[in-house]
Amino acid sequence: GEERESLYGECGAGAGASRMIRFHSYKLIYYPVGNVVQLFDVENDPQELYDLLHSAAHQDIIAELKSKLIQELYGGDEEWVQDGELVGLPDQEFQPGPNRGLSGQRGSHWPPFPQPS
């Protein structure tokens, strides 16, 4: 089939939410809590080590990807937008969640996890 021009993805809801849009070689990640944006060139930086958000040469692509991301928001996420701009949610102190390693994945595990005493 035809290749997509862009790809939208989302993870979580509320304070743990993140949204992303991939367009050509660029990936913009948005964290509504604190209104945080990151931009990566995933072809030249596949491990996403170099955030291009403050690069003067990338401001046009950032604006374009923010616009594309805003067009994809739904189900209450639209509240993160005012006057066509991402405003997100108030910042808050990070509260670590459950184990995010492989042992924290869903499914059957052997041996069973130790139970808290």
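Is Glu10 buried, partly exposed or exposed? Glu10 comes out as partly exposed, with a relative accessible area of 40%. Keep in mind that this is a predicted model. Glu10 is a handy way in, since its side chain meets that of Arg19 in a salt bridge, and Arg19 turns up again and again below.

**The overall layout**

- The chain has one helix and six strands, and along the sequence they run β-β-β-β-α-β-β.
- Out of the 117 residues in the chain, 31% are buried.
- Take the contacts between residues at least 6 apart in sequence: 34% of them join residues at least 24 apart.
- About 8700 Å² of the chain is exposed, and carbon and sulfur atoms supply 49% of that area.

**Strands S1 to S4**

- S1 (residues 6-11) pairs with S2 in the antiparallel sense, over six bridges, and here Tyr8 sits opposite Ile21 in S2.
- The S1 and S2 hairpin has six residues between its strands, and Gly12 takes a positive phi near 75 degrees there.
- S2 (residues 18-23) also pairs with S3, again in the antiparallel sense, this time over five bridges.
- Phe23 has Tyr26 in S3 as its bridge partner.
- Two residues separate S2 and S3 in their hairpin, and His24 in the turn has a positive phi of about 55 degrees.
- S3 goes on to pair with S4 (residues 36-41), antiparallel and over six bridges, with Ile29 opposite Gln38 in S4.
- The S3 and S4 hairpin leaves four residues between the strands, and Gly34 in that turn shows a positive phi of about 85 degrees.
- S3 is largely enclosed by the rest of the structure, because five of its six residues are buried.

**Arg19 and its partners**

- Arg19 is in strand S2, and it counts as buried because its relative accessibility is 4%, under the 20% cut-off.
- Its salt bridge with Glu10 spans 3.8 Å, N to O.
- Asp77 forms a salt bridge with Arg19 as well, and there the closest N and O atoms are 2.7 Å apart.
- Because Asp77 lies in the loop between H1 and S5 while Arg19 is in S2, this pair ties together parts that are 58 residues apart in sequence.
- Asp77 and Arg19 are both buried.
- The Arg19 side chain also makes polar contacts with backbone: it reaches the oxygen of Gly12 at 3.0 Å, and one of its polar atoms lies 3.2 Å from the oxygen of Cys11.
- Beyond its neighbours within four places in sequence, Arg19 is in contact with a list of residues including Tyr8, Leu28, Tyr30, Leu69, Leu73 and Trp80.

**The other salt bridge to know, and the network**

- How many salt bridges are there in total? The count comes to four.
- One of them joins the side chains of Glu48 and Lys27 at 2.9 Å, N to O.
- Glu48 lies in the loop between S4 and H1, and Lys27 is in S3, so the pair ties together parts 21 residues apart in sequence.
- Glu48 is partly exposed, with a relative accessible area of 24%.
- Through shared partners, salt bridges link Glu10, Arg19 and Asp77 into one network.

**The aromatic pair**

- What does a search of the whole structure find in the way of aromatic pairs? It finds one.
- That pair is Tyr30 with Trp80, tilted, at 6.1 Å centre to centre and 55 degrees between the planes.
- Distant parts of the chain are linked here: Tyr30 is in S3 (residues 26-31), Trp80 is in the loop between H1 (59-72) and S5 (81-82), and the two are 50 residues apart.
- Tyr30 counts as buried at 0% relative accessibility, and Trp80 is buried too, at 5%.
- Both Tyr30 and Trp80 appear among the contacts of Arg19.

**Phe40 in S4**

- Phe40 lies in strand S4 and counts as buried, with 4% relative accessibility.
- Phe40 and Ser25 are 15 residues apart in sequence, and their C-alpha atoms are 8.3 Å apart in space.
- Setting aside neighbours within four places in sequence, the contacts of Phe40 include Ser25, Tyr26, Lys27 and Ile29, along with Glu48, Leu49 and Tyr50.
- Lys27 and Glu48, the salt-bridge partners from above, are thus both in contact with Phe40.

Definitions and conventions:
Residues are numbered from 1 along each chain as its sequence is written. This is a predicted model: local features need pLDDT of at least 70, side-chain atom pairs count only at pLDDT 80 or more; totals for chains, interfaces and linings use all residues. Side-chain values use heavy atoms; hydrogens and water are left out. Rings of Phe, Tyr and Trp (its six-membered ring) pair if their centres lie within 6.5 Å; planes under 30 degrees apart count as stacked, over 60 as edge-to-face and the rest as tilted. Buried means under 20% relative accessible area, exposed over 50%, partly exposed in between (1.4 Å probe, protein chains only). A polar contact is a pair of N or O atoms within 3.5 Å; within protein, one must be able to donate a hydrogen and the other to accept it, and residues adjacent in sequence count only if both atoms are side-chain atoms. Contact means heavy atoms within 4.5 Å. Two strands pair if DSSP finds at least two bridges between them. Accessible areas come from the Shrake-Rupley method with a 1.4 Å probe; for residues, only the protein chains shown count as cover.
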